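Trainee: I'd like a close look at one part of this model rather than a tour of the whole thing. Pick a spot and tell me what surrounds it.

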Amino acid sequence: MKKFLYIFIMLFVVGWAQAQQRVVYTINDGWKFTKGSPFEAQLNNCDDSSWETVNIPHTWNDKDADDETPGFYRGPAWYRKQLFVDKSQEGRQAVIYFEGANQEVQLYLNGQFVGEHKGGYTRFCFDITSKLRYGQENLFAICVNNTYNPNIPPLSADFTFFGGIYRDVYLQFMNPVHIATNDYASSGVYIRTPEVNSSSASVEITTLLTNNTLRSAEVIVESLICDADGKEVKRTQADIKLVSGETKADISKKIKIDSPRLWDIDDPYRYMVYTRIFDKKKGALLDEVVNPLGLRWFEFDSEKGFFLNGKWRKLIGTARHQDYFQKGNALRDELHVQDVLMLKEMGGNFLRVSHYPQDPVIMEMCDKLGIVTSVEIPVVNAVTETEEFLTNSVEMAKEMVRQDFNRPSVMIWGYMNEIFLRRPYTEGKQLEDYYHFTEKVARTLEATIRKEDPSRYTMMAYHNAPRFYEAAHLTEIPMIQGWNLYQGWYEPDINEFQRLLDRAHKMYKGKVLIVTEYGPGVDPRVHSYQPERFDFSQEYGLVYHKHYLDEMMKRPFVAGSSLWNLNDFYSESRVDAVPHVNNKGILGLDREVKDTYLFYKTALIRRPILAIGNREWKARGGVVNTEQNECVQSVPVFSNAEEVELFVNNKSLGKKKTESGYALFDVPFVNGENQLEALAVAGDTKLHDMLRIHFQLVSSQLKDKTLPFTEINVMLGSPRYFEDRVANVAWIPEQEYKPGSWGFVGGTPYRRKTGFGTMLGSDIDICGTDMNPVFQTQRVGIESFKADVPDGEYSVSLYWAELDSDKKKEALIYNLGADSEQTLVGNRSFGISINGVTVVDDFNVARDYGYARAVIKKFVVTVKNGKGLSIDFHKKEGETILNAIRIYRNY
Ligand code: GCB
Ligand code: CA
């Protein structure tokens, strides 16, 4: 009988206790959505039946921030959903929790205003208990607005401000007596580790508790520390009395853990902290949250760099933006996870979570994989001189710190990036005031963060204009100076990089230095055997990164670096090789692997690596340059083995020693399919890699019967190769005409004027094409293009874009160098004849198509009597031009 009674009580208690557990689930799916501000969109009688149906994560700018019309929708938009909430949750505390929405949010529930939030990158939540109807439908109406707001950072930045509820949204139900949810959307638990060393660690846990009942409550707060296997390590309990309506902190006594297993880069060991509250009388579990606990100590030294758990570590990694090909910033968790996995896979041990706090799953992954992080708020480019701007920035800083407070991976809090890039004044009292205000913002943020969390370091990132930062004392304020350096990209001399490092080290004695950004633009479709700055080639990417990594490795005072950027990312106003995209990623927008990624991987990973480079260059082409009708082109093979062997179409090209992580092989490609196979031995490990490439071989003698002519695709004024990945067409560089062969006659490659001399080609966006590189170079003053093709019918397509504008080009907004002076030219006009027949007499690209628009004219031409093709340009006014040519044999 006694036993029965016991079981009965147990069932009752367990059942009851379970009913009290916190319930958390997403409410992402099936929202009604519309842009604009429909009349009374918060009310039930507003008819949303014609609205779109969307799922969260959602952005409304995935398409319009990537099309040809400048700008993207920045304004209000509404999300609505009727949601049935179970009767069983009645009497519980209800909270709606947003992982992030850009950038201002107002929430209405059942027609009533609930609350608002400012800032597009931090988490927030609202208590909705009093407005929820249980066992019924509830109308959630959310206004999200991404309009420019001068009081909310970022004011401007080199990334697209995609609007929307772009991260998960949850409902949470819990006991009215619970672990607080009202402290900046933090977990309500703050874990500190005041002392950690290899023999012992002390842990201090602060728990915020809320009593939302009408009576006071007596509870037991329990902190249970378990190891990774779930075994109890330590448990503390305390009694606490909460008066009705209050949130109160309980601070644990120091909990000592002997012989702790440390959190480290190679062994990111995490304990778990279960925070529980029990009803003191009934013993029932009222609420519970779980937090990770990583035991580690770390230190930055201005001379020696970074130490984790007493061991010197060079921090090497990347920064990361949160968007993806055609998705904007609305990513599933899996895509975030993939990024951190790829960073780890590359051997990175550092992530600059920039320029803003990111999805919680990013932070979880860094904790799990042993990646040290720096998290920052998006105070970028400029400030607004208002108290409201300052207040919003401080609020963001608090959100950031409290929300990711318990992450063992976080070691740095950052709060300003290149804040003087967009100075609204250049001199005088206004500039002085602006400096003063910016300094005040910096000092307030610094003080706020240090007070919130004295256990971590603070950091600010500067661009290469130290005098501005010095003038406003900003170089003095943070504990770590972050330098964003682009010598060899925006600025011409790559060697200036190491000179600047040494200067900073000397100038700012005692300050820790991290290279927070560096990187060149790489359009993965572009290749060049004469790589140069701003050609967007994979090869220049390699030159640049190799130089930077070498120089940083030589200097112990460089505590770490986060290259710019892990992935290509959207920046709506940017016009580079790929419009609206910043191509400085070592991974593409779709996370394709560029050679630069492989370079880092071989440099950083200790386990044996072998990977053939140019991995995604699958539609490759070139001109015959051997006796055997092949085209020899060099291909990098990345490996940390001492030597590698490469086979092409089953023939060995011999073994080569690797240098800086790769060996360059001269690969003789044949027409059509080619198979590359690499072998290497590292210790006991045999490594193998394989790649298939389609090679479009172009004969140098076009009448050659062994390689019948089919087509050539040539970029003029260019030594570059371009891969049209949509149609799998290989574009190859120009050559000068020789009888029997093909090429240009006369003219010179187009060069644009920049603040640092001239550069090959243009960097403007060409409208009407997604193949900018094909149009961005050009031969000026060309007389002819000749191709001694056999008799037959041909489609000859001539490609143009006028690169010289008659207006001064507006300075490219995010071009940090003083580039972009444009030459003034008048109209140009010329005639074109093909094989002696005038096809166009007065052709004027600018007159007929305007500036920077892609124009393709296809001529159908019959070639007879072995005369081949001669396309001749007859100058009338200004210089003749041709950007590219495609000759395709019809019959
Ligand atoms: C910077 C900025 C970053 C830009 C980068 C670039 O210095 O901090 O937001 O994206 O340069 O690519 O120009
Ligand atoms: Ca998420």
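**A loop and the calcium site**

Mentor: Start at His-355, which sits in the loop between strand 24 (350-353) and helix 3 (360-369); helices (H or I, at least four residues) and strands (E, at least two) are DSSP runs, numbered from the N terminus. Keep in mind that this is a predicted model: local features need pLDDT of at least 70, side-chain atom pairs need 80 or more, and totals for chains, interfaces and linings use all residues. Residues count from 1 along each chain as its sequence is written, chains are lettered from A and ligands numbered from 1 in written order, and side-chain values use heavy atoms, without hydrogens or water.

Back to the loop. The peptide bond joining Ser-354 to His-355 is cis, and its omega is about 0 degrees. The stretch between strand 24 and helix 3 also holds Asp-359, and that residue brings us to the metal. Asp-359 is listed twice, each time through an OD atom, among the donors to the calcium ion (ligand 2). The other donors are Glu-99 through OE, plus Asp-168 and Asp-333 through OD, with distances for the set running from 2.3 to 2.9 Å. (Donors here are N, O and S atoms within 2.8 Å of the metal, or 3.2 Å for Na, K and Ca; water is not among the atoms, so sites may look incomplete.)

How are the donor residues of the calcium ion (ligand 2) spaced in sequence? The pattern reads E-x68-D-x164-D-x25-D. Glu-99 belongs to the loop between strand 5 and strand 6, and Asp-359 to the loop between strand 24 and helix 3, so this pair ties together parts of the chain that are 260 residues apart in sequence. Are these two residues buried or exposed? Glu-99 has a relative accessible area of 5%, so it is buried. Asp-359 comes in at 2%, so it counts as buried too. (Buried means under 20% relative accessible area, exposed over 50%, and partly exposed in between, using a 1.4 Å probe and protein chains only.)

Now follow the Glu-99 side. Strand 5 covers residues 93-98, and 6 of its 6 residues are buried. Look at the strand face by face: Gln-93, Val-95 and Tyr-97 are buried on one side, while Ala-94, Ile-96 and Phe-98 are buried on the other. Strand 5 pairs with strand 10 (residues 169-174) in the antiparallel sense, over 6 bridges; two strands pair if DSSP finds at least two bridges between them. One of those contacts puts Phe-98 opposite Val-169 of strand 10. Strand 5 also runs antiparallel to strand 8 (residues 124-127), joined to it by 4 bridges, and here Ile-96 has Phe-126 as its bridge partner.

The loop that follows strand 5 has a cis bond of its own. The peptide bond from Asn-102 to Gln-103 is cis, with omega near -5 degrees, and Gln-103 lies in the loop between strand 5 and strand 6 (104-109). That is the loop where Glu-99 is found.

Which annotation covers residues 304-601? An unreviewed UniProt entry places "domain: Glycoside hydrolase family 2 catalytic" there (positions follow the numbering used here, names are shortened, and annotations may be inferred rather than shown by experiment). The end C-alpha atoms of that span are 24 Å apart, and the span is 36% helix and 20% strand. From an unreviewed entry as well, UniProt lists "domain: DUF4982" at residues 634-683. For this span, the C-alpha atoms at the ends lie 27 Å apart, with 0% helix and 76% strand.

While you're checking backbone geometry, look at two serines as well. Ser-660, which has a positive phi of about 50 degrees although it is not a glycine, sits in the loop between strand 38 (651-657) and strand 39 (662-669). Its relative accessibility is 38%, so Ser-660 counts as partly exposed. Ser-259 also has a positive phi, near 35 degrees, and is found in the loop between strand 17 (255-258) and strand 18 (271-279). With a relative accessibility of 58%, Ser-259 counts as exposed.

To get your bearings on screen, go back to the calcium ion (ligand 2) and pick out Glu-99, Asp-168, Asp-333 and Asp-359 around it. Then trace from Glu-99 back into strand 5, and from Asp-359 to the cis bond between Ser-354 and His-355.
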